[in-house]
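Here are a few worked exercises to try with the model open beside you. Have a go at each task before you read its solution.

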Amino acid sequence: AQVGDDYGNGAFAVATGVDVDSAQGNALLHTGGYFAVTARAGYYGVAIAEGAIVNGYDSASAYNYGNNGTYAYAMDHGQALAIGERVYSSNGNAYFYNDGSVIAHARVLDYGTANAQGSIVQSNGYDAEIYNDGHIEAIADSGLNGHSYATGSLVSSGAQAGTATMYNFG
């Protein structure tokens, strides 16, 4: 998503690659090949890029065998957020298997904030798990007096008896 001239000064740009939602049952995503998602905003703008989103009520699963590039860029005083893969289940298990490449890159110029998150897997009901046999990378950079935050992978289970697990062989 690119907004306005000069990437849209003061603009709000949102780009999403794949969005799989199930309000009542299971959500499942299989990806292979290559896709890229880019959001750009100008001065004082906000850019949000999300590569793959999977939300399921009973369960949510994503299997990546390809290459996912997610990029968010903003100019001075801007904010950029890039999320490579996000898997969430409100009432069941959440699972992400990666045998490819996931790259999330957030960049702002001076006085801005950049936040990059490679993969996020959350379950509010039961277990959350990442099995990484590939490459997951988060890059956040900012210019003068800027703030940069990067998280490669985040696994979270909000359930009382749920387990959060990450296997990393990549």
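A residue is buried under 20% relative accessible area, exposed over 50% and partly exposed in between, with a 1.4 Å probe and protein chains only as cover. The model is predicted, so local features need pLDDT of at least 70 and side-chain atom pairs count only at pLDDT 80 or more, while totals for chains, interfaces and linings use all residues. Residues are numbered from 1 along each chain as its sequence is written, and side-chain values use heavy atoms, with hydrogens and water left out.

**Exercise 1. Describe the overall fold of the chain.**

Step 1: Start with secondary structure, where helices (H or I, at least four residues) and strands (E, at least two) are DSSP runs numbered from the N terminus. The chain has 14 strands and zero helices.

Step 2: Turn to compactness, with the radius of gyration taken over C-alpha atoms and the globule rule being 2.2 Å times the number of residues to the power 0.38. The radius of gyration is 16 Å, close to the 15 Å from the rule for 170 residues, so the chain is as compact as a globular protein of that length. Its C-alpha trace spans about 45 × 35 × 30 Å along the principal axes.

Step 3: Check burial and contacts (heavy atoms within 4.5 Å). Of the 170 residues, 44% are buried. Among contacts with a separation of 6 or more, 78% join residues 24 or more positions apart.

**Exercise 2. Classify the pair Tyr-65 and Tyr-97, then the pair Tyr-71 and Tyr-73.**

Step 1: Recall the cut-offs: rings of Phe, Tyr and Trp (its six-membered ring) pair if their centres lie within 6.5 Å, and planes under 30 degrees apart are stacked, over 60 edge-to-face, and the rest tilted. The whole structure holds six aromatic pairs.

Step 2: The ring centres of Tyr-65 and Tyr-97 are 5.8 Å apart with planes at 50°, so this pair is tilted. It links distant parts of the chain, 32 residues apart: Tyr-65 sits in the loop between strand S5 (59-64) and strand S6 (67-74), and Tyr-97 in strand S8 (residues 94-98).

Step 3: Compare with the cut-offs for burial. Tyr-65 is partly exposed because its relative accessibility is 45%, whereas Tyr-97, at 15%, is buried.

Step 4: For Tyr-71 and Tyr-73, the centres are 6.4 Å apart and the planes at 10°, so the pair is stacked. Tyr-73 has a relative accessible area of 22% and is therefore partly exposed.

Step 5: One aromatic cluster is made up of Tyr-65, Tyr-97, Tyr-131, Tyr-167 and Phe-169.

**Exercise 3. Is Thr-31 buried or exposed, and which side chain does its own side chain contact?**

Step 1: Locate Thr-31 in strand S2 (residues 26-31). Its relative accessible area is 10%, so Thr-31 is buried.

Step 2: Look for a polar contact, a pair of N or O atoms within 3.5 Å; within protein, one must be able to donate a hydrogen and the other to accept it, and residues adjacent in sequence count only if both atoms are side-chain atoms. The Thr-31 side chain makes one with the side chain of Asn-64, at 2.9 Å.

Step 3: Beyond its neighbours within four places in sequence, Thr-31 also touches residues including Tyr-63 and Tyr-65.

**Exercise 4. Find the surroundings of Gly-118.**

Step 1: Gly-118 lies in strand S10 (residues 113-123) and, at 0% relative accessibility, is buried.

Step 2: Its C-alpha is 8.0 Å from that of Ala-82, 36 residues apart in sequence.
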